[in-house]
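Visitor: I would like to learn how to read a model like this one. Please take me through it feature by feature.

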Amino acid sequence: MTLLHLSFYSAFTLSSLGLAFHRTHLISALLCLESMMLSMYIALSMWPIQTQTLTPTLLPILMLTFSACEAGTGLALLVASTRTHGSDHLHNFNLLQC
């Protein structure tokens, strides 16, 4: 395993661990999701360079599009939940209440 692979794997693992253990605020969960998407985007961008092929060049652009949609949806949910509940603490949200 090269140093490049190790850095991508460690960035993705640290982001997923941050998402699993630091779930107090919605904004921290969104930042962990964005860092996971960023590490996957960089890994997919470097993949054609390492394999010396040009065929999977559309895949990073598609991943970046989904990441932008996820970020927009997450920020919209953050604004809506802050307006209705008063804060972005995740313990304030209860799915069983209407």
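Visitor: Is Leu4 buried, partly exposed or exposed, and what is its relative accessibility?

Guide: The classes rest on relative accessible area: buried is under 20%, exposed is over 50%, and partly exposed lies in between. Leu4 has 31% relative accessibility, so Leu4 counts as partly exposed. Bear in mind that this is a predicted model. Leu4 sits in helix α1, which covers residues 3–21.

Visitor: Which residues form the nonpolar patch on the surface?

Guide: A residue must have over 30% relative accessible area to join a patch. Here the members are Leu4, Leu38, Ile42, Met46 and Ile49, and together they have about 410 Å² of accessible area.

Visitor: Which helix gives the most to the nonpolar patch?

Guide: Helix α2, residues 26–51, contributes four residues, the most of any element. Leu4 belongs to helix α1 instead.

Visitor: How many helices and strands are there in the chain?

Guide: The count is three helices and zero strands. Read from the N terminus, the order is α-α-α.

Visitor: What does the radius of gyration of the chain say when set beside that of a compact globule?

Guide: The comparison is with a globule of equal residue count. For 98 residues a compact globule would come out near 13 Å, while this chain has 17 Å. The extents of the C-alpha trace can be read alongside: about 55 × 25 × 20 Å along the principal axes.

Visitor: What share of the residues counts as buried?

Guide: Of the 98 residues, 20% are in the buried class. The chain exposes about 7200 Å², and 74% of that area comes from carbon and sulfur atoms.

Visitor: What part of the contacts in the chain links residues 24 or more positions apart?

Guide: Taking contacts with a separation of 6 or more, 55% join residues at least 24 positions apart.

Visitor: What does Leu44 contact, leaving aside its neighbours within four places in sequence?

Guide: A contact means heavy atoms within 4.5 Å. On that basis Leu44 contacts Leu59, Pro60 and Met63. Leu44 lies in helix α2 and is partly exposed, at 22% relative accessible area. Between Leu44 and Leu59, which are 15 residues apart along the chain, the C-alpha separation is 7.1 Å.

Visitor: How far apart in space are Val79 and Glu34?

Guide: Their C-alpha atoms are 17 Å apart, with the two positions 45 residues apart in sequence numbering. Val79 is part of helix α3, residues 58–85. With a relative accessible area of 42%, Val79 is partly exposed.

Visitor: Where does Ser87 lie, in terms of the helices?

Guide: Ser87 is in the segment after α3.

Visitor: Is Ser87 buried or exposed?

Guide: Ser87 is buried, because its relative accessible area is 18% and the cut-off for that class is under 20%. Setting aside residues up to four places away in sequence, Ser87 touches Ser81, Thr82, Asn92 and Phe93.

Visitor: How many disulfides does a search of the whole structure find?

Guide: The test is a pair of cysteine sulfur atoms within 2.5 Å. The search finds zero. As for individual cysteines, Cys32 is buried at 15% relative accessible area, whereas Cys69 is partly exposed at 46%.

Key. Residues numbered from 1 in each chain as written. Predicted model: local features only at pLDDT ≥ 70, side-chain atom pairs only at ≥ 80, totals over all residues. Heavy atoms only, no water. Buried < 20%, exposed > 50% of the residue type's maximum accessible area, 1.4 Å probe, protein only. Patch = residues over 30% accessible without salt bridge, like charges linked within 9 Å, V, L, I, M, F, W, Y side chains within 5 Å. Areas by Shrake-Rupley, 256 points an atom, 1.4 Å probe, with all protein chains shown as cover. Salt bridge = Lys/Arg side-chain N within 4 Å of Asp/Glu carboxyl O. Helix = DSSP H or I, 4+ residues; strand = E, 2+ residues; numbered from the N terminus. Rg over C-alpha atoms; globule rule 2.2 N^0.38 Å.
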